[in-house]
Amino acid sequence: ERVVSSSPTGITYCKSMRAALLIQRWYRQYVARLEMRRRCTWNIFQSIEYAGEQDQIKLYNFFGYLMDHFTPASSERNLISHIFRENNICRNVDWERYFCYKSIEVPKLYSGPHLSFPITCSNAAELVEAFKNKQQLHSRYVLQLLGETWRLLRILPNISQISTCHSKEITICGDLHGHLEDLLLVFYKNGLPSSEKPYVFNGDFVDRGKDSLEILLILFSFLLVYPNDVHLNRGNHEDHIVNLRYGFTKEVLGKYRLHGKKILKLLQKIFSWLPLATVIDNKVLVLHGGISDTTDLHLISRVDRHKYVSALRPPKRKRQNRSGMTDSDLEDDDPTAKPVDSSRRRVHSLTHSSSTGTRHEVQRRSLQGLNNRVTCSVEEELKERRRQAGLSQSYGDLRNSLANSDSDPDSGELLESYGDEWKQIVDMLWSDPMPQDGCVPNEVRGGGCYWGPDVTEEVLRRHNLTLLIRSHECKQEGYEFCHNRRVLTIFSASNYYEVGSNRGAYIRMGPDLVPHFIQYQANRATRALTLRQSVGRTERSALRALREKLFAHKSDLISSFQEYDPENTGLISLGHWACAMEAVLRLGLPWRVLRTQLVGDTLDGMLDYHLWFRELSITDLLETMYKHHSNLETIFRIIDTDNSGLISFEEFRQTWKLLSSHLQTEISDEAISDLAVSIDFNKDGSIDINEFMEAFRLIEKILGHIDYSYRPLSIGDHNNIMT
């Protein structure tokens with residue numbers, strides 16, 4: 001070594017090695033910093049997403065409790081009652097007539113795709129091509145296709161049993177969430193579904209993306225052509241209550257203004273009939289969310305899945321009516337509701353040994369937990385529901401509306417609930433894996449559970465399975481193993497949070513049951529981005545979403561900051577800033593790492609929080625409105641019973657009263673009336689859903705153009721928001 005280093009060539013070699021090591025060290029640090037930014041960005045997106053799902057569940061549980069305990073005379077109960085009557089149409093013997101498509105004529109000028117029934121593989125392929133070219137299917141064909149799909153789904157089992165052979169590979173796709181371009185790319189790479197190329201689509205076809213209906217129509221058409229080779233599992237977003245918040249309801253009503261309501265009603269029924277899981281070669285279990293320590297596939301294979309129109313609320317048997325028949329009897333009397341013939345099922349009964357695990361004793365509230373409080377009085381429970389929904393503790397106004405629920409002939413007396421079955425289904429649709437052993441309620445999403453490796457081993461052993469394939473969680477690479485490679489998550493919607501945020505992937509699995517992954521990016525622009533550009537783009541989008549959260553919780557944050565500022569100096573330490581941020585937002589984010597992105601200059605490590613918030617100096621009413629805009633839009637669509645997209649000023653006032661009577665900031669009738677008049681842009685005396693949401697888009701537009709260097713809003717900005 002000394003000889004080499006003493007020669008000119010050796011000296012040059014040593015310098016080159018040192019330079020190479022220096023470059024390597026720098027590059028590794030550079031990549032590590034980018035990876036840290038990428039993970040931090042990912043945590044922001046995921047925390048905000050799960051917080052939204054939790055809000056949706058809390059709001060729905062609050063509405064459900066109002067329905068159970070308010071009298072028919074209660075105006076709040078009347079506003080929301082129809083969302084809990086999803087089976088009314090389906091109990092009617094004229095159900096088929098209600099959804100009849102024959103009276104709908106296809107005009108001669110219609111240039112979209114035409115379907116013939118029974119549908120053929122060429123029809124399905126033409127439909128794919130038409131949607132690729134941005135064409136729209138006529139509502140007559142939509143209703144006819146959905147009707148045929150409903151008839152087929154009713155004879156399918158809860159758990160589909162499929163097998164591979166030496167000439168086949170099964171393709172498994174995860175969440176698509178309305179991303180049609182991802183589905184088209186999968187078909188381009190892998191081929192269209194056929195008897196030689198079977199597919200399993202693992203739920204969450206709808207919401208968030210803009211082409212959810214097109215995805216459904218494509219999948220349903222191939223299901224009708226290849227019923228033994230195309231398998232659709234239900235996801236947690238195949239739920240009409242979830243669709244109110246996450247865009248699918250709005251999408252359908254926007255695309256089919258005349259027949260959108262019928263399409264949505266029919267889809268409610270179809271979603272309830274989707275199978276819950278698929279088993280490949282009796283060894284691989286495919287389901288959307290996950291399992292729990294009580295998962296029993298034998299029980300799941302026998303439940304009446306169609307009764308769970310929404311997995312957010314268990315179905316209930318009602319007391320007998322005057323004719324001596326229960327509501328369930330009325331439903332069974334429907335001639336269209338034929339029982340499933342067990343001899344036609346494509347699945348074997350899966351036996352299991354009884355095993356009861358003990359859940360960790362944690363102070364967490366999940367979807368099931370909200371429905372298990374049976375020992376509280378009505379008033380105590382209502383107060384707790386308000387607290388869980390993030391609403392005010394003051395409930396004197398609603399207390400006067402409480403009365404004996406037996407006086408309500410529509411609600412009936414609760415005789416029996418399907419608690420065990422319902423929890424099993426919720427766990428299958430909503431649960432997530434965790435690295436620790438055990439099984440605990442999923443506090444982050446608000447429904448289902450977190451289950452550990454020990455639960456995976458036990459459930460797979462009990463049912464003689466080797467692998468669990470699930471979806472439900474976006475993964476940066478499109479897939480991820482956990483639990484000693486016994487659990488595999490697959491996610492097929494690329495660019496889910498933002499362009500460049502993640503890859504999509506699907507699985508090919510042959511007779512050896514070894515999964516092979518194909519990854520992709522559906523957006524061509526992302527393929528040309530460098531790693532730094534991709535991370536930077538996603539990071540900016542995540543920080544923008546986080547700043548919106550800060551705006552929505554401005555008052556709460558200031559109150560929390562003041563707890564650390566007893567002398568009212570307007571200054572707090574950065575450590576206290578981080579503690580207050582987490583205490584209010586509860587997103588589980590690394591606030592100290594994010595400080596440089598969210599906080600500008602400080603004075604000797606102290607933050608002037610009044611200066612920090614000065615740019616968000618917007619009226620309390622609009623802050624409240626923005627903070628609850630997702631809930632308000634959901635309530636708007638609930639109150640708009642005819643799905644016309646219009647509500648009167650009085651309905652708008654009731655919408656606000658339903659929520660604002662429980663909010664921390666009281667809003668007067670005069671303020672609500674003034675707001676209604678200002679939102680009615682076209683001055684037609686009613687509020688359009690687009691007008692309603694335009695108020696929020698104005699705020700978002702202003703927020704998006706704010707220079708976050710702590711410039712206070714100008715008077716012009718303030719006036720723009722108010723108008």
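**Exercise 1.** Determine from its relative accessibility whether Lys475 is buried or exposed, then list what Lys475 touches.

*Solution.* Step 1: Lys475 has a relative accessibility of 12% and therefore counts as buried. The cut-offs are under 20% relative accessible area for buried and over 50% for exposed, with partly exposed in between (1.4 Å probe, protein chains only). The model is predicted, so local features need pLDDT of at least 70 and side-chain atom pairs count only at pLDDT 80 or more, while totals for chains, interfaces and linings use all residues. Residues are numbered from 1 along each chain as its sequence is written, and side-chain values use heavy atoms, with hydrogens and water left out.

Step 2: Lys475 sits in the loop between strand 12 (467–470) and strand 13. Helices (H or I, at least four residues) and strands (E, at least two) are DSSP runs, numbered from the N terminus.

Step 3: Leaving out residues up to four places away in sequence, Lys475 touches Trp42, Glu480, Thr489, Phe491, Asn502 and Arg503. A contact is a pair with heavy atoms within 4.5 Å.

**Exercise 2.** Describe how strand 13 is joined to strand 14 and what lies between the two strands.

*Solution.* Step 1: Strand 13 (residues 479–482) and strand 14 (residues 487–490) run antiparallel and are joined by 4 bridges. Two strands pair if DSSP finds at least two bridges between them.

Step 2: One bridge links Cys482 to Val487 in strand 14.

Step 3: The two strands form a hairpin with 4 residues between them, and His483 in the turn has a positive phi of about 55°.

**Exercise 3.** Give the strand order of the open sheet of 6 strands, and say which strands stand at the edges.

*Solution.* Step 1: The order is 1-5-6-12-14-13, and the pairing is mixed.

Step 2: Strand 1 (159–162) and strand 13 are the edge strands; each has a single partner strand, so one side of each has no neighbour in the sheet.

Step 3: With direction ignored, neighbouring strands of this sheet are turned by 20° against each other on average. Axes here are lines fitted to C-alpha atoms, for helices over the stretch in contact, and angles run from 0 to 180 degrees between N-to-C directions.

Step 4: Strand 1 and strand 5 (residues 277–280) run parallel and are joined by 4 bridges. Ile162 stands opposite Ile280 in strand 5.

Step 5: In a regular strand the side chains alternate between the two faces of the sheet. In strand 1, Ile159 and Gln161 point one way, Ser160 and Ile162 point the other way, and all are buried.

**Exercise 4.** Repeat the analysis for the open sheet of 3 strands.

*Solution.* Step 1: This sheet has the order 9-11-10, with mixed pairing.

Step 2: Strand 9 (432–433) and strand 10 (439–441) are at the edges with a single partner strand each, so one side of each is left without a neighbour in the sheet.

Step 3: Strand 10 pairs with strand 11 (residues 449–451) in the antiparallel sense over 3 bridges. Val440 is opposite Tyr450 in strand 11.

**Exercise 5.** Identify which residues touch the most other members of the largest nonpolar core, and which helix gives the largest share of this core.

*Solution.* Step 1: A nonpolar core is a set of buried Ala, Val, Leu, Ile, Met, Phe, Trp, Tyr and Cys residues joined through side-chain atoms within 4.5 Å. The largest one has 61 residues, of which Leu137, Phe201 and Leu267 touch the most other members.

Step 2: Helix 9 (residues 212–225) supplies the largest share of this core, 10 residues.

Step 3: Apart from neighbours within four places in sequence, Leu267 is in contact with Leu146, Leu213, Leu216, Phe220 and Phe248.

Step 4: A second, separate core has 35 residues, including Phe491, Trp591, Leu607 and Phe613.

**Exercise 6.** Place Tyr520 in the chain and describe its surroundings.

*Solution.* Step 1: Tyr520 is in strand 16 (residues 515–520). Its relative accessible area is 4%, so Tyr520 is buried.

Step 2: Tyr520 and Glu477 are 43 residues apart in sequence, and their C-alpha atoms are 9.0 Å apart in space.

Step 3: Not counting residues up to four places away in sequence, the contacts of Tyr520 include Asp182, Leu185, Ser492, Arg503 and Tyr506.
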